[in-house]
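Notebook open, structure on screen. I am noting what I look up, one topic at a time.

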Amino acid sequence: MTADYQSILQQQASAPLASRNDENHYLIPLPSYGVITVTGEEAADFLQNLLTNDVKQLEQASQITAMCNPKGRLLALFLLVKTEHGYQLVLPESQCAFLAQRLQMFKLRSKVEIEDCSETLQVCGLQGNDPSTSAIPLPSQSRALLIATADQITSDLEDLMSKGWQLAAEASWFITEIESGVPVIFPSSRELFTAQQLNLDLIGGVSFRKGCYPGQEVVARLHYLGEPKRRLFQAKAKTDSVPEIGETIVDNEKAVIGHVVNAIHGDENQLFLQLSLKLDGANQDLYLNDGSAIESVQAYV
């Protein structure tokens, strides 16, 4: 990582949260995210056989997709980006080594190359209209990603800053992800959730028309023969602590109603939460493990 990009990250450390009530354009470097590349002449077929979404129907620049264990539990959740030479998988850096190793287990004689490029490729979120032409547009309106080497991304960010774009805290991106209903899997939440429990079937992260993949039978059975008993919700709490990912959510009787999917602090100790909750308990009074009351629980659908 170049000294110039390090300097931008140091500036970001004291940057405010992006305002969601104006038309400013924000640069949000995402140093906690990493990139895995999958290239080679069989890359599409290789990923098609492993992921929940239909790789061969990737017509836009990116899609949300996941990898499950044979029991249909999510091992990793990521943004899949189609490139000139193959694919990029964008996800928390803490998940990259695990996912790269998992993909290697299925490589066998496939003509693909799998590489964890988290040390050489950087990720930056763009929030605002008219992003860089090299940016990857996201389904959420006015949001995009830049993925490039530290030198290239530094040049891109300096150019955008000269045009009035402002640096914002990394938490800004994750708060918007929570508000947009985009879930995430961390090491501590691997194999804790099914696709439906995180609404992947509602946000275009699962294809029910493609062929088999690990866990496909479980995911499809719930879709066609049952109804999910848990779904993804957003909520808030007032606390100066941050719960552990995967931490339980309880009601007045200390019964477990769900788990923490993501938690990010905003201003004034306001905690933005993403929760996977039982549908029959989501309307009760709910609490974090430290006793903090959970407020403003809202379903995404």
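**Pocket lining.** I sorted the residues that line the largest pocket by type: 21 are nonpolar, 7 polar and 2 charged. I keep in mind that this is a predicted model. The lining has 30 residues. Nearest the centre I found Ile 64, Leu 79, Glu 177, Val 182 and Pro 183. The pocket's volume comes to about 530 Å³. I then asked which elements give two or more residues to the lining. They are strand 3, strand 4, strand 5, strand 9 (143-148), helix 5 and strand 13 (256-265). Helix 5 gives the most, with 4 residues.

**Helix 5.** I went to this helix next. Helix 5 spans residues 170-180, and 8 of its 11 residues are buried. Which ones are they? I listed Glu 170, Ser 172, Trp 173, Phe 174, Ile 175, Thr 176, Glu 177 and Ile 178. Glu 177 was already in my notes, as one of the residues nearest the pocket centre. Just after the helix, Gly 181 has a positive phi of about 80 degrees.

**The sheet.** I traced an open sheet of 5 strands, with antiparallel pairing. In what order do the strands stand? I read 3-4-5-2-6. Strand 3 and strand 6 (113-116) are at the edges. Each has a single partner strand, so one side of each lacks a neighbour in the sheet. On average, neighbouring strands are turned by 30 degrees against each other, direction ignored. I looked closer at strand 3 and strand 4: they run antiparallel and are joined by 7 bridges. One such pair is Ser 62 with Val 81 in strand 4.

**Helix 3.** What lies across this sheet? I found helix 3 (residues 93-105) across strand 2, strand 3, strand 4, strand 5 and strand 6. Helix 3 runs at about 135 degrees to strand 5 (86-92). Its buried residues are Gln 95, Cys 96, Phe 98, Leu 99, Ala 100 and Leu 103. An α-helix has 3.6 residues a turn, so residues three or four places apart point the same way. The cover over the buried residues of helix 3 includes helix 2 (43-48) and strand 2, strand 3, strand 4, strand 5 and strand 6.

**Thr 37.** I picked one residue of strand 2. Is Thr 37 buried or exposed? Thr 37 has a relative accessible area of 13%, and the cut-off for buried is under 20%, so Thr 37 is buried. Leaving aside neighbours within four places in sequence, I listed its contacts: Tyr 87, Gln 88, Glu 113, Ile 114, Glu 115, Cys 117 and Leu 121.

**Pro 70.** I then looked in the loop between strand 3 (62-68) and strand 4 (74-82), where Pro 70 sits. Its relative accessibility is 64%, and exposed means over 50%, so Pro 70 counts as exposed. Not counting residues up to four places away in sequence, Pro 70 touches Arg 102, Gly 215 and Val 218. I also checked Glu 217: Pro 70 and Glu 217 are 147 residues apart in sequence, but 8.7 Å apart in space, C-alpha to C-alpha.

**Positive phi.** Last, I looked up two residues other than glycine. Asn 199 has a positive phi of about 65 degrees. Asn 199 is in the loop between helix 5 and helix 6 (216-225), and is buried at 2% relative accessible area. Ser 296 has a positive phi near 55 degrees. Ser 296 lies in strand 15 (residues 294-299) and is partly exposed at 45%.

Definitions and conventions:
Residues are numbered from 1 along each chain as its sequence is written. This is a predicted model: local features need pLDDT of at least 70, side-chain atom pairs count only at pLDDT 80 or more; totals for chains, interfaces and linings use all residues. Side-chain values use heavy atoms; hydrogens and water are left out. Buried means under 20% relative accessible area, exposed over 50%, partly exposed in between (1.4 Å probe, protein chains only). Contact means heavy atoms within 4.5 Å. Two strands pair if DSSP finds at least two bridges between them. Axes are lines fitted to C-alpha atoms, for helices over the stretch in contact, and angles run from 0 to 180 degrees between N-to-C directions. On a 1 Å grid over the protein atoms alone, a cavity is a set of points where a 1.4 Å probe fits but cannot get out, and a pocket is an open set with protein on both sides within 12 Å along at least five of seven lines; lining residues have an atom within 4 Å of a point. Grid points are joined across faces, edges and corners, and a volume is the space filled by probe spheres set on the points. Ala, Val, Leu, Ile, Met, Phe, Trp, Tyr, Cys and Pro count as nonpolar, Asp, Glu, Lys and Arg as charged, and the others, Gly among them, as polar.
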